[in-house]
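Q: Please take a close look at one part of this model, the way its strands sit together, and then say what links the surrounding pieces. I'm happy with plain bench talk.

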Amino acid sequence: MALAARRILGLRVGLLRTAVASLLSLTFTGSLFAPLASIEGANTAYATVLFGVTLLFLIGMLALAEVIVPTGSIPPPVDWFRAVRGRIARTRRYSRITAIAVRHGLGPSLRGRERTDTGLARSVRLALEDGGVTFVKLGQVLSTRPDLLPPEFIDELTTLQDNVPAAPWEQVRAVLVEELGQAPEEVFAEFDETPLAAASIAQVHLARLKSGGEVVVKVQRPGVRKVAEGDLDIVARLARTLQERTRWGRAMGVLDLATGFAAALREELDFRVEARNLAAVAAASDGHDIGLPTVHEELCTARVLVMDRLSGVPLRSAGPLLDERGADRGELARTLLTSLLRQVMLDGVFHADPHPGNVMLLTDGRLGLLDFGSVGRIDAQLRAALQRLLLSFDRGDPAGLCDALLDLVSRPDEIDAQRLERALGQFTARHLSAGTRPDVEMFGDLFRLVYRYGLSIPPEIAAVFRALATLEGTLGALAPGFNIVVESRAFATARIGERLTPESLRGAVVEELHSLLPMLRRLPRRADRITSALEQGRLGMNVRLFADDRDRRFVTGLLHQVMLTGLGATAGIMAVLLIGTTGGPQVVPGVDLHHLFGYNLLVISVLLGLRVVVTIFRPRGA
């Protein structure tokens, strides 16, 4: 009977659910047909009826269970146990985060009350710093989104630091032994147990290889991955809630932002990714203008990174040395900017966090880059759009700026491109007209304009602007008065000039011909097929109705409303007919069975009608 019910429904129903439904069905039909047991021969005569009623009740029970609790929506007991453990861990972490927020004066904000004092941004920064690695990184990512946050928050979040006390040497040594397979004194000739620097993800130690080379060893802090994974789960759940329940969350694509942030942080926790990033940047760079450390891949694991030490001093403390050497600060700044712009525009792999602590003044007078855990990647299409954006900035061309901007961002379904172009025309007149000197504030105005028109900046492009904003502070410390916008325009103009040389034009034509050649070879055969089909009257066209998911959702919602309306109207008509019928069996004195069914159907009709009315008048997108 259970197999027949599952076959008729066409569903794969679980064994436990089927067994419970079968027992209930047998119990119901047994009590329903119990009076027949006293009649001789009735059980045999009504056997098929008994089986049919039992099967019908069983199918109804299974169908109702699928409507209320679909198969697979309740996890197995093992998953329940894991879910409970995860919920307990999340609750503990929630309580710690809440305590940190209250300690920094953010309690009113958590309760929905708005703080009006000017220290809110600083309180948020301090709370994020105390929250640990995940929230520090989240704040650094948010600092790249001036289209989402006010300027005072951007200014505070750009100063986020994740300096923490060093982990005990015993814990660090245990990580080294686990990752390298042997004690550090067996791998290295010397190893300094006191770290050079310590942060929330890792700490750096000096060491010397048995070959004599001096290296730095980056060791991941014990337990940091587990903490980060728990925090990322919290961030993902919060983003999912905002995406589903708020319009601004859907407009900004907070779920995509959280997903991209989680992927970037997991990459940063895997030091093998950092080793590959450094190798990719080094391969694309000529290596002469900017110094890059060499990675010892044979000693690198997911939690240990070994690379050559760059001899020099951090840029933030290199001022006296620069003055003593009489170095050309402007030329050094131009070299660093050119290197980063080449990484962004030409190579597609770039250092995403060039703050002064990650830039060194080397002993040979060059600049060097450190810490490639945060690296951005952009594809060829986005690089081309960025180049067109810079070219439009250089020309002051609103139409070209509009086209390049729409190629860069995730555009909404409906946008008034003409109004956007006029707004960009006012933007260029204010910032790029003759006699004006562009500065970094120009990008802030551009971000606000992007947000006003509902455009969403992809994480890759946000990382580019974050890197440029960070670099602007670094270059300001290196060479005060250095204008990054003017120098970037000069870089774009020089690259365009390189592309217009005869050799570059010849190479571009050859590349285009190589890409077009396969299509040109297939073109005559395809044209012949089309003309043959036209001549023989066999030319057809396949069109998929409702290929767009939005059309399918609209039609499905419309059908649901029609079905609910029909069911509600049918239930109402049946209720009226049953209520008006007399002479049915008495349930209680004065109430017969027809009236009881009628009133129940009337309640169902009203509920379905209210559901339809609410659906009709609910605001769009709510």
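A: Let's start with the ground rule for pairing: two strands pair if DSSP finds at least two bridges between them. Strands themselves are DSSP runs of E with at least two residues, helices are runs of H or I with at least four, and both are numbered from the N terminus. This is a predicted model, so local features need pLDDT of at least 70 and side-chain atom pairs count only at pLDDT 80 or more, while totals for chains, interfaces and linings use all residues. Residues are numbered from 1 along each chain as its sequence is written, and side-chain values use heavy atoms, with hydrogens and water left out.

Now the sheet. Four strands, in the order β5-β10-β9-β7, make an open sheet with mixed pairing. The edges are taken by β5 (290–291) and β7 (312–314), each with a single partner strand, so one side of each has no neighbour in the sheet.

Strand β9 is a good place to zoom in. On one flank, β9 (residues 359–362) pairs antiparallel with β10 (residues 367–369) over three bridges. Going along that pairing, Met360 has Gly368 as its bridge partner in β10, and Val359 has Leu369. The two strands form a hairpin with four residues between them, and Gly365 in the turn shows a positive phi of about 95°. On the other flank, β7 is joined to β9 by three bridges, again running antiparallel. There, Val313 stands opposite Leu361 of β9.

What about the side chains? In a regular strand they alternate between the two faces of the sheet. For β9, both faces are covered: Val359 and Leu361 on one side, and Met360 and Leu362 on the other, are all buried. (Buried is under 20% relative accessible area, exposed is over 50%, and partly exposed is in between, using a 1.4 Å probe and protein chains only.)

Another pairing worth a look is β4 (residues 214–220) with β6, antiparallel and joined by five bridges. One of its contacts puts Val215 against Asp308 of β6. Strand β6 (residues 304–308) is largely enclosed by the rest of the structure, because four of its five residues are buried.

On to the links between pieces. Taking a salt bridge as a side-chain nitrogen of Lys or Arg within 4 Å of a carboxyl oxygen of Asp or Glu, the count comes to 18.

One of them joins Arg173 and Glu185, at 2.6 Å from N to O. Since Arg173 is in helix α10 (residues 169–180) and Glu185 in helix α11 (residues 184–187), the pair ties together parts that are twelve residues apart in sequence. Arg173 is partly exposed at 29% relative accessible area, and Glu185 is partly exposed too, at 48%.

Arg377 and Glu267 also meet in a salt bridge, at 3.7 Å N to O. This one spans 110 residues, from Arg377 in strand β11 (residues 375–377) to Glu267 in helix α14 (residues 254–269). Arg377 counts as partly exposed at 41%, as does Glu267 at 36%.

Then there's Arg334 with Glu487, whose closest N and O atoms are 3.2 Å apart. That pair links helix α17 (residues 329–347), home of Arg334, to helix α23 (residues 484–499), home of Glu487, 153 residues away. Arg334 is partly exposed, with a relative accessible area of 32%.

Finally, Glu178, Glu179 and Arg303 are linked in a network of salt bridges.
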